[in-house]
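Reader: Before I use any of the labels attached to this model, I would like to hear how each of them was earned. Could you take me through them one at a time?

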Amino acid sequence: MAQLTIKQIEEILSTIKNPNDEFIKICQLDERKGVQVLLQRWQNKRAEERALEQQFLEMKQYEEELYKQGIKLIAGVDEVGRGPLAGPVVAAAVILPEDFYLPGLNDSKKLTEAKKEEFFNQITNQAVSIGIGIIPAKTIDEVNIYEATKQAMKMAVHKLSPRPNHLLVDAMNIPIDIPQTSIIKGDAKSISIAASSVIAKVTRDRLMVRLGMEYPEYGFGKNMGYGTAFHLEAINEHGITSEHRKSFAPVRDAASKQRG
């Protein structure tokens with residue numbers, strides 16, 4: 001062991017998953033401080049990985065129960081963008097394969113930007129089908145945000161092919177003739193809903209970045225249409241755009257000032 005450098009040991013440890021591996025036992029006997037630091041780092045990483053694996057298995061319980069009943073085409077459905085003052089509400093519906101495995105997948109609000117992009121690509125590459133529903137600000141103003149959200153979800157489901165046998169929906173009931181289970185905080189309890197949360201979030205963020213290029217004074221690329229101090233100040237200074245939700249109080253007040 002003494003002939004191996006710290007760098008060599010680090011490289012070997014990076015290939016090991018089993019805590020009972022003989023090399024781990026050898027490292028434990030090595031008195032060099034650098035080796036013990038590497039070993040502790042390896043143990044911490046493995047503990048993290050095991051926690052994510054366990055979380056993933058727990059989040060797959062709704063799907064596993066349906067698989068046992070012979071229901072294979074399960075779509076998770078979630079939305080993003082109910083609260084912003086501007087931009088559309090976006091829903092995604094995702095059917096994952098039965099053997100899908102992505103430890104760390106969670107509610108998109110709990111993921112870093114880098115993780116959201118990484119998971120978006122992995123889900124897109126592995127999903128059986130993905131459907132997106134986008135309802136613009138004009139429709140949100142006409143029907144209200146709750147109805148617009150249902151419309152977006154319904155649109156997303158209709159775009160799936162093949163048609164799902166069952167829906168797992170985040171805290172909503174979709175007016176559609178498919179059996180469904182509504183789960184409170186579903187994006188943290190179901191991998192299918194978590195996957196749809198990531199797809200919806202990244203899709204909407206990309207739309208808002210494009211709108212930010214069209215309307216640079218409002219900072220949409222950073223605030224995603226939410227009522228930040230910068231965004232509210234921009235509304236006061238520049239008025240509102242066709243992308244603003246005129247039925248939402250701060251925008252409604254600015255619109256009446258413009259008319260006045």
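Author: Let me begin with exposure, where buried means under 20% relative accessible area, exposed means over 50%, and partly exposed lies in between (1.4 Å probe, protein chains only). R82 has a relative accessible area of 32%, and it is therefore called partly exposed. The model is a predicted one, in which local features need pLDDT of at least 70 and side-chain atom pairs count only at pLDDT 80 or more, while totals for chains, interfaces and linings use all residues. Residues are numbered from 1 along each chain as its sequence is written, and side-chain values use heavy atoms, with hydrogens and water left out.

Reader: What makes the pair E79 and R82 a salt bridge?

Author: The term asks for a side-chain nitrogen of Lys or Arg within 4 Å of a carboxyl oxygen of Asp or Glu. The closest N and O atoms of E79 and R82 are 4.0 Å apart, and the pair is counted as a salt bridge. The two partners differ in label, since E79, with a relative accessible area of 17%, is buried, whereas R82 at 32% is partly exposed.

Reader: How many salt bridges does the structure hold, and which residues are joined into one network by shared partners?

Author: The structure holds 17 salt bridges. One of them is formed by the side chains of E10 and R41, at 3.8 Å from N to O. This pair links distant parts of the chain, with E10 in helix α1 (residues 6-13) and R41 in helix α3 (residues 33-59), 31 residues apart. E10 is partly exposed at 31%, and R41 is partly exposed at 48%. Salt bridges that share partners join K7, E10 and R41 into one network.

Reader: How do you know where a helix such as α2 begins and ends, and where do E22 and K25 lie in α2?

Author: Helices (H or I, at least four residues) and strands (E, at least two) are DSSP runs, numbered from the N terminus. E22 and K25 both lie in helix α2 (residues 22-29), 3 residues apart, which is about one turn of the helix. An α-helix has 3.6 residues a turn, so residues three or four places apart point the same way. The closest N and O atoms of E22 and K25 are 3.5 Å apart, and the two form a salt bridge. With 52% relative accessible area E22 is exposed, while K25 at 37% is partly exposed.

Reader: What span should α8 have at 1.5 Å a residue?

Author: The expected span of a helix is 1.5 Å times one less than its number of residues. For the 24 residues of α8 this gives 34 Å, and the end C-alpha atoms are 35 Å apart, which agrees. The helix is mostly covered, as 18 of its 24 residues are buried. Among the residues of α8 (residues 191-214) is K201, which at 16% relative accessibility is called buried.

Reader: Which residues is K201 in contact with, leaving aside its neighbours within four places in sequence?

Author: Contact means heavy atoms within 4.5 Å, and outside those neighbours K201 is in contact with V80, S108 and K116. V157, in helix α7 (residues 145-158), is buried because its relative accessible area is 2%. Residues up to four places away not counted, V157 touches V77, A93, P164, L167, I174, I176 and I178.

Reader: Why is the peptide bond between S161 and P162 worth a remark, and what is unusual about the phi of A171?

Author: Most residues other than glycine have a negative phi, and most peptide bonds are trans. The bond joining S161 and P162 is cis, with omega at about 10°, and P162 is found in the loop between α7 and β4 (166-170). A171 is not a glycine, although its phi is positive at about 60°; A171 is found in the loop between β4 and β5 (180-183). M224, also not a glycine, has a positive phi of about 55°, and at 13% relative accessibility M224 is buried, whereas A171 at 39% is partly exposed.
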